[in-house]
Amino acid sequence: TLNGLPIMVDTFARYRIIEPLRFFQAANNVNLANQRLVSFTNSAMRNILAGATFNSIIRTERDVLMNRIQAEVNRSAAALGIEIVDLRLTRV
């Protein structure tokens, strides 16, 4: 929620497997990795967007916020042997 109002945010992320053995040991398949990445991304979005204003999400700081979300997701995704190469807020 933003100022007590719920907001809907869609994201798009591209990633690459940087450590195949770790990926196989941690996720075993792409579907499970995708599920875990969705969870990481949703958590990072909630944490970062909770402190942002509507104007900053829509206009002024969108790039900064996307970069912060991507960095947070990358910290979690490293355990899967994955690196997020691009993350976008596609709809707010």
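These are legends for a handful of close-up views of a predicted model.

**View 1. How confident the prediction is along the chain.**
Before zooming in, here's the confidence picture. The chain averages a pLDDT of 89, and 96% of its residues sit at 70 or more. Going by element, helix α1 (residues 20-26) comes out highest with a mean of 95, while α3 is the lowest at 83. Keep that last value in mind for the view of Ser 56, a residue of helix α3 (residues 54-60).

**View 2. Arg 14, Asp 86 and Arg 88 join up in a salt-bridge network.**
Asp 86 takes part in two of the pairs shown here. With Arg 14 it forms a salt bridge whose closest N and O atoms are 3.8 Å apart. This pair connects distant parts of the chain, as Arg 14 belongs to strand β1 (residues 10-17) and Asp 86 to strand β2 (residues 82-91), 72 residues away. With Arg 88, the side chain of Asp 86 meets in a salt bridge at 3.0 Å, N to O. Asp 86 has a relative accessible area of 15%, so it counts as buried. Its partners are another matter: Arg 14 is partly exposed at 45%, and Arg 88 is partly exposed too, at 40%.

**View 3. Arg 16 pairs with Glu 83.**
Here's another link from β1 to β2. The closest N and O atoms of Arg 16 and Glu 83 are 2.7 Å apart, making this a salt bridge. Because Arg 16 lies in strand β1 and Glu 83 in strand β2, the pair ties together parts that are 67 residues apart in sequence. Both ends are partly exposed: Arg 16 has a relative accessibility of 46%, and Glu 83 comes in at 26%. Counted over the model, there are 4 salt bridges. As a general point, side chains of opposite charge can pair when their charged atoms come close.

**View 4. Helix α2 packs against helix α4.**
Helix α2 (residues 30-49) meets helix α4 (residues 62-77) at an angle of about 135 degrees, and their axes are 9 Å apart. That angle makes α2 oblique to α4. As for handedness, the crossing is right-handed. On the α2 side, the contact residues include Leu 37, Phe 40, Ala 44, Ile 48 and Leu 49. From α4 come, among them, Leu 65, Ile 69, Val 73 and Ala 77. The interface isn't just aliphatic and aromatic names, though: Thr 41, Ser 43 and Asn 47 of α2 take part, as do Arg 68 and Glu 72 of α4.

**View 5. Leu 65 of helix α4 is tucked away.**
So, where does this leucine end up, buried or exposed? With a relative accessible area of 2%, Leu 65 is buried. Setting aside neighbours within four places in sequence, Leu 65 touches Ile 48, Leu 49, Ala 52, Ser 56 and Ile 57. For a sense of scale, the C-alpha atoms of Leu 65 and Val 9 are separated by 13 Å, with the two residues 56 apart along the chain.

**View 6. Ser 56 of helix α3 and its contacts.**
Now look at the contact with Leu 65 from the serine's side. Ser 56 is found in helix α3, and its relative accessibility of 5% makes it buried. Apart from neighbours within four places in sequence, its contacts are Glu 61, Arg 62 and Leu 65.

Technical notes:
Residues are numbered from 1 along each chain as its sequence is written. This is a predicted model: local features need pLDDT of at least 70, side-chain atom pairs count only at pLDDT 80 or more; totals for chains, interfaces and linings use all residues. Side-chain values use heavy atoms; hydrogens and water are left out. Helices (H or I, at least four residues) and strands (E, at least two) are DSSP runs, numbered from the N terminus. Buried means under 20% relative accessible area, exposed over 50%, partly exposed in between (1.4 Å probe, protein chains only). Contact means heavy atoms within 4.5 Å. pLDDT is the predictor's confidence in each residue, from 0 to 100. Axes are lines fitted to C-alpha atoms, for helices over the stretch in contact, and angles run from 0 to 180 degrees between N-to-C directions. Angles under 35 degrees count as roughly parallel, over 145 as roughly antiparallel, 65 to 115 as roughly perpendicular and the rest as oblique. A crossing is left-handed if the near helix is turned anticlockwise from the far one by less than a right angle, and right-handed if clockwise.
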